Amino acid sequence: MSGFVFGEKPIEIESGDGVHLYDSGGSEYLDFGASYACAPVGHSHPDVVSAVEQQASDLLFVQGSYPTETRTALYDRLAALAPGALSNVWLCNSGTEANEAALKFARHATDRETVVATKRAFHGRTLGSLAATWKQKYRDGFAVPDNVEFVDYGDADALADAVDEDTAAVLLEPVQGEGGVRPAPDGYLAAAREACDETGAALVLDEIQTGLGRTGALWACERAGVEPDVLTVAKGLGSGLPIGATVCADWIADDAGDHGSTFSGGPVPCAAALATLDVLERESLATHAGDLGGYLQSELSELPVRDVRGAGLLVGVEVKRGAMRALRALAMDHQLLALPAGRTTLRFLPPLSITEADIDRAVGALEGVL
Ligand SMILES: *Cc1c(COP(=O)(O)O)cnc(C)c1O
């Protein structure tokens, strides 16, 4: 196990404010990925902090059999915000658990076992989600179940061929994140919807990275005009507090089977999620992400890079030499923190509240490094 360390001197982050992080020596960093999309409204947003403080002093925890106002409010809120008829919410503590639940629910509701997923997909590291995750390094030696069929991402015909009367679920990211920042081609999600409708399989969209406004709409599937049967969300939902959600259509929820988790819908992460959703809506951050994402992508396209891809503020930049070398230089020489997505792709996923000036600084830094 290793952390994500730059050079000999790891950067020890001590505090955060908006799009900035500060290390123990007082240096300021611009966060274009250090928070892994977990800070959509910026670091330590005062509304989220005060909601968490208030909830922590009122009640840290009570188990899910006892309804709490906070949990009920989050159920209602997510049901109202989710696409179309998705209105049944299961809460958990991470992205992989949200997908794990989605796969269990889909298997139970369809009474089928197999799942169709895509090459280069990332859905998490617990065994069920890992079975639908492509990278061999993550799977090696873990006796991962083999009931998932992988098809090329973006190839609608291959997907339709793979889905049949034995398929419980088709599991897709609307934009592959870890797999290199690859947006679904036009019509791909709609084709997946059709394949599921024809065979009775559940369409499960993993919006753990693309959700909550990142791509310019609250959910990336809305941009494609496609409504899944199950949508999973996590990462930024609690502004960094551990919370995920699996939002299901009635036909899935009505026959979801038995599932549970002690910490499901704990009061403090729920309070953080409600405050985060408030800020997202009040500051129209989805629209802002669409606008600023367009600006970021067009500025990046001016640089000598191989490719710029993405949607909104989920952006991949393919560089000629290794991504890690560029990331190290960005961090050490320019105080810009970003992520890799494969060997040659830099991944930018800043807080949605960034400004054009922040983008100019980031693009200038990358220009310097290139
Ligand atoms: C991060 C991520 C996950 C896993 O979430 P964890 O909270 O790390 O378990 C699943 N799917 C996608 C698309 C992700 O980006």
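**Asp206, Glu173, Glu100 and the cysteines**

Modeller: Asp206 has a polar side-chain atom 2.7 Å from a nitrogen atom of the ligand. This is a predicted model: local features need pLDDT of at least 70, side-chain atom pairs count only at pLDDT 80 or more, and totals for chains, interfaces and linings use all residues. Residues are numbered from 1 along each chain as its sequence is written, and side-chain values use heavy atoms, with hydrogens and water left out.

Colleague: What makes the approach of Asp206 to the ligand a polar contact?

Modeller: A polar contact is a pair of N or O atoms within 3.5 Å; within protein, one must be able to donate a hydrogen and the other to accept it, and residues adjacent in sequence count only if both atoms are side-chain atoms. Asp206 places a polar side-chain atom 2.7 Å from a ligand nitrogen, so the pair falls within 3.5 Å. A backbone N or O atom of Phe122 is 3.3 Å from a nitrogen atom of the ligand.

Colleague: Which residue has a polar backbone atom 2.8 Å from an oxygen atom of the ligand?

Modeller: Gly95.

Colleague: Why does Glu173 have no salt bridge?

Modeller: A salt bridge is a side-chain nitrogen of Lys or Arg within 4 Å of a carboxyl oxygen of Asp or Glu. For Glu173, the nearest side chain of opposite charge is Arg347, 7.1 Å away. That is not within 4 Å, so no salt bridge is assigned. Lys and Arg count as positive, Asp and Glu as negative; His and the chain ends are not counted. The side chain of Glu173 does have a polar atom 3.2 Å from the backbone nitrogen of Gly177.

Colleague: Why is Glu100 called partly exposed?

Modeller: Its relative accessible area is 21%. Buried means under 20%, exposed over 50%, partly exposed in between (1.4 Å probe, protein chains only). Thus Glu100 is partly exposed. A polar contact of 2.5 Å joins its side chain to that of Thr126. A polar atom of the Glu100 side chain is also 3.0 Å from the backbone nitrogen of Gly128.

Colleague: How do you know that Cys248 is in no disulfide?

Modeller: The whole structure has zero disulfides. A disulfide is a pair of cysteine sulfur atoms within 2.5 Å. The closest cysteine sulfur to that of Cys248 is in Cys92, 11 Å away, so it is too far for a bond. Cys221 is unpaired too, with the nearest cysteine sulfur, in Cys196, 13 Å away.

Colleague: Are Cys248 and Cys221 buried or exposed?

Modeller: Buried: Cys248 has a relative accessible area of 3%, and Cys221 has 0%.
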